[in-house]
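Dear colleague,

Please find the structure below, handed over for you to look through at your own pace. After it I have set out what was found, with each term explained where it comes up.

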Amino acid sequence: MTIAEITTEISKAKSVLIFSHNRPDGDTVGSATALRLALIKKGVRADLACHYDIPEKLRYIKTASEYSKVVDKDAKYDAFIAVDCANEYMFTELYGKFCKHKNTFNIDHHVSNTRYAKFNYVEDSAATCEIIYALIKELGVEIDNEIATSLLTGIVTDTGAFNHSNVEDRTLLIASELKKAGADLHYIMKRNFKDQPKERAILYSKVISKMRFYEEDKVGVIVISRKDIEESGAVDNMTEGFIDYPMTVNSVEVAISLLETGKNRYKISLRSKGKVDVNEIASIYGGGGHVQASGALLNGYLEDIIDKLVFNVKQRL
Ligand SMILES: [Mn+2]
């Protein structure tokens with residue numbers, strides 16, 4: 001399916017509900033809000049749904065506070081659109097309702113995408129916001145500064161401020177267009193990378209001080225325990241970006257972060273410098289993502305999980 005074809009299909013809807021994934025990040029919120037603002041300009045009724053709270057630091061995005069946590073059963077929509085959601089587990093709580101609709105869309109950039117919708121547009125790009133940019137152009141809607149701010153937020157956050165290997169010529173060209181359209185790049189960078197609450201800083205220092213290494217220092221592991229989160233007064237969504245630190249260690253090929261979400265329950269994040277396909281490892285446990293950045297949910301004892309994951313990495317080093 002081409003971007004023109006998916007845009008034509010979406011254009012048939014007079015009302016849509018746009019879904020963002022759990023633990024929402026800049027890309028899913030940027031994609032959803034930009035698409036919403038563009039469709040509203042076309043006279044479409046467009047609403048937003050996400051089971052989780054939108055992080056405080058993303059609230060500068062226009063309409064980011066207008067998400068509904070549930071799918072209103074009385075509101076009828078012509079289409080349901082999921083953005084930046086690779087699989088059902090990325091929006092578990094709303095997926096059941098999503099699937100019941102006959103006219104569903106899946107717009108995403110994860111290589112592991114399971115094509116769960118009626119219409120699927122999956123393209124390997126730095127951010128889903130790049131795809132939404134192309135889609136909005138195709139719709140013929142002018143990109144104003146609010147849409148530009150949404151889209152540039154997704155590009156900036158999913159590329160780690162243009163630091164990751166996923167940055168292509170096209171990424172920078174789109175970013176340039178968005179800045180020209182009025183997005184404040186400096187402000188977006190500051191909000192996403194240079195502002196943190198004291199609680200996050202305290203948690204970060206606790207977690208990093210206990211960083212461990214395996215396999216001749218080729219695997220760096222950090223554990224974010226409930227105890228450390230509580231003692232710091234932090235909350236789970238403040239841990240985004242922690243995994244970047246072990247990745248800065250020269251010898252590290254793969255970094256693993258384990259966020260304790262409950263008793264013997266962990267949210268795993270994996271990062272690779274390129275040698276190891278971490279999407280493959282995440283897939284073993286029902287997760288997925290990208291070759292160099294993936295995640296999964298695992299149950300079990302902490303040390304057993306670490307052993308398993310380090311073993312999976314070792315086999316691929
Ligand atoms: Mn994304």
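Asp158 is buried, yet it has no salt bridge, and the nearest side chain of opposite charge, that of Arg271, is 8.4 Å away. Here buried means under 20% relative accessible area, with exposed being over 50% and partly exposed in between, using a 1.4 Å probe and protein chains only. A salt bridge is a side-chain nitrogen of Lys or Arg within 4 Å of a carboxyl oxygen of Asp or Glu, and for charge Lys and Arg count as positive and Asp and Glu as negative, while His and the chain ends are not counted.

Please keep in mind that this is a predicted model, in which local features need pLDDT of at least 70 and side-chain atom pairs count only at pLDDT 80 or more, whereas totals for chains, interfaces and linings use all residues. Residues are numbered from 1 along each chain as its sequence is written, and side-chain values use heavy atoms, with hydrogens and water left out.

What, then, are the protein donors of the manganese ion? They are Asp27 (OD), Asp84 (OD), His109 (NE2) and Asp158 (OD), lying 2.2 to 2.3 Å from the ion; donors are N, O and S atoms within 2.8 Å of the metal (3.2 Å for Na, K and Ca), and water is not among the atoms, so sites may look incomplete. Of these donors, Asp27 in helix 2 (residues 26–41) and Asp158 in helix 5 link distant parts of the chain, being 131 residues apart, and both Asp27 and Asp158 are buried. Helices (H or I, at least four residues) and strands (E, at least two) are DSSP runs, numbered from the N terminus.

The side chains of Asp158 and His109 are also joined by a polar contact of 3.1 Å, that is, a pair of N or O atoms within 3.5 Å, where within protein one must be able to donate a hydrogen and the other to accept it, and residues adjacent in sequence count only if both atoms are side-chain atoms.

Turning to the aromatic rings, a search of the whole structure finds 15 aromatic pairs. The rings of Phe19 and Phe80 have centres 5.1 Å apart and planes at 65 degrees, so this pair is edge-to-face. Rings of Phe, Tyr and Trp (its six-membered ring) pair if their centres lie within 6.5 Å, and planes under 30 degrees apart count as stacked, over 60 as edge-to-face and the rest as tilted. Phe19 is buried, with a relative accessible area of 0%, and Phe80, at 6%, counts as buried too.

Best wishes
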